[in-house]
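Reader: I would love to walk through this model with you, one question at a time. Could you show me the sequence and structure?

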Amino acid sequence: MAKALVLLQLTLLLAAACFTVSGNEPEGVAFSAQSPSPFHHSPIYPPSESPKYPNSHPPYPDPHRQKIQPPSQPPVYPPTQSPVQYPPSYPLPKRSLLAVQGVVFCKPCNYSGVDTLMGATPLVDASVKLECNNTKRPLVQEAKTDKNGYFYMMAPNSITTFGSHKCKVFLSSSPMATCNKPTDLHYGMQGAILMPQKLPQPPAQAPELSPLSARDDPAVLSPYELFTVGPFAFEPQTICPH
């Protein structure tokens with residue numbers, strides 16, 4: 001019984017204290033404010049922002065997230081026509097008349113059978129002939145040497161430089177009985193091919209014919225192109241006596 005009385009007194013004291021603290025508030029409200037809730041909850045605080053620190057390095061772009069640009073096509077231009085390249089044009093060779101010159105010698109007997117002109121002397125009135133086969137009928141023209149063994153002949157007008165490759169010069173005859181055997185020196189027997197020789201240009205106005213020979217007169221040589229053959233040689237028929 002004593003314990004029950006003590007508990008009753010403590011209950012009354014607690015109830016009086018509650019009414020004293022709450023004042024004029026309704027009983028139910030004060031009690032509910034001071035009485036513990038049937039469920040215990042932890043206090044709820046507003047979310048706090050995390051501290052922001054400046055970046056020590058600039059952010060690097062992620063290569064996997066970069067946009068891949070499609071390859072740009074170069075501009076296409078319509079094809080331009082290149083200028084037509086023509087082969088270079090060369091002037092056509094000039095067609096000229098044909099003149100031939102050369103020298104004929106007589107070899108000494110001690111050099112018979114040897115292709116040399118050692119000890120040879122010019123042969124006067126030796127005959128040479130020009131043969132051209134560039135026409136339907138072969139053309140043959142002869143000339144004789146002067147005191148220096150020199151001969152000069154101008155071919156007919158039907159023979160020009162365009163057909164000079166079909167012309168050859170041969171030894172024909174010698175006036176000396178002791179030196180009348182033709183040799184093949186420089187193709188005197190087989191026929192020598194004409195070799196062109198350049199001449200000085202004639203003056204703008206050709207002078208009148210001078211007392212010079214035809215081979216030295218520029219007025220005569222101007223329409224001709226000069227070719228050279230030889231030198232040729234005859235030799236004795238017999239060997240020198242010992």
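Author: Here are some questions and answers about this predicted model.

Reader: Let's begin with the overall make-up: how many helices and strands does the protein chain have?

Author: Happy to start there. Reading from the N terminus, the order of elements is α-α-β-β-β-β-β-β-β-β-β-α-β-β. Counted up, the secondary structure comes to 3 helices and 11 strands.

Reader: What share of the residues in the protein chain is buried?

Author: Here a residue counts as buried when its relative accessible area is under 20%. The protein chain has 242 residues, and the buried share of them is 24%.

Reader: Which strand pairs with strand 3 over residues 139–144, and in which sense?

Author: Strand 3 covers residues 127–132. One of its bridges is the one from Leu 130 to Gln 141, and Gln 141 belongs to strand 4. With 6 bridges between them, the partner is strand 4, and the sense is antiparallel.

Reader: And on the strand 6 side, which residue is the bridge partner of Val 128?

Author: Strand 6 spans residues 167–173 and runs antiparallel to strand 3, with 6 bridges joining the two. Within strand 6, the bridge partner of Val 128 is Leu 171.

Reader: Now to Lys 129: over which ring does its charged end sit?

Author: Good one to look at, since Lys 129 has two contacts to consider. Its side chain forms a salt bridge with Glu 131, where the closest N and O atoms are 3.4 Å apart. The charged end of Lys 129 also sits 6.0 Å from the centre of a ring, and that ring belongs to Phe 170.

Reader: Are Lys 129 and Glu 131 buried, partly exposed or exposed?

Author: The range for partly exposed lies between 20% and 50% relative accessible area. Lys 129 has a value of 24%, so Lys 129 is in that range. Glu 131 likewise has 24% relative accessibility, and therefore counts as partly exposed.

Reader: How many salt bridges does the whole structure hold, and which residues are linked in a network?

Author: A search of the whole structure finds 3 salt bridges. Glu 235 meets Lys 107 at 3.3 Å, N to O. Glu 235 also bridges to Lys 181, with the closest N and O atoms 3.9 Å apart. The answer is thus 3 salt bridges, and the network is made of Lys 107, Lys 181 and Glu 235.

Reader: How many residues apart in sequence are Lys 181 and Glu 235?

Author: Their salt bridge has its closest N and O atoms 3.9 Å apart. Lys 181 lies in strand 7 (residues 181–182) and Glu 235 in strand 11, so the pair ties together parts whose separation in sequence is 54 residues.

Reader: Why does Glu 235 count as buried, while Lys 181 counts as partly exposed?

Author: Lys 181 has 34% relative accessibility, so Lys 181 counts as partly exposed. For a residue to be buried, the value has to be under 20%. Glu 235 counts as buried because its relative accessibility is 5%.

Reader: Last one: which residues make the nonpolar surface patch of about 330 Å²?

Author: A nice place to finish is helix 1 (residues 2–22), where Leu 7 lies. Leu 7 has 57% relative accessibility, so Leu 7 counts as exposed. The patch of about 330 Å² is made by Leu 7, Leu 10 and Leu 13.

Technical notes
Residues numbered from 1 in each chain as written. Predicted model: local features only at pLDDT ≥ 70, side-chain atom pairs only at ≥ 80, totals over all residues. Heavy atoms only, no water. Lys NZ or Arg CZ within 6 Å of the ring centre and 35° of its normal. Pairing = 2+ DSSP bridges. Helix = DSSP H or I, 4+ residues; strand = E, 2+ residues; numbered from the N terminus. Patch = residues over 30% accessible without salt bridge, like charges linked within 9 Å, V, L, I, M, F, W, Y side chains within 5 Å. Areas by Shrake-Rupley, 256 points an atom, 1.4 Å probe, with all protein chains shown as cover. Salt bridge = Lys/Arg side-chain N within 4 Å of Asp/Glu carboxyl O. Buried < 20%, exposed > 50% of the residue type's maximum accessible area, 1.4 Å probe, protein only.
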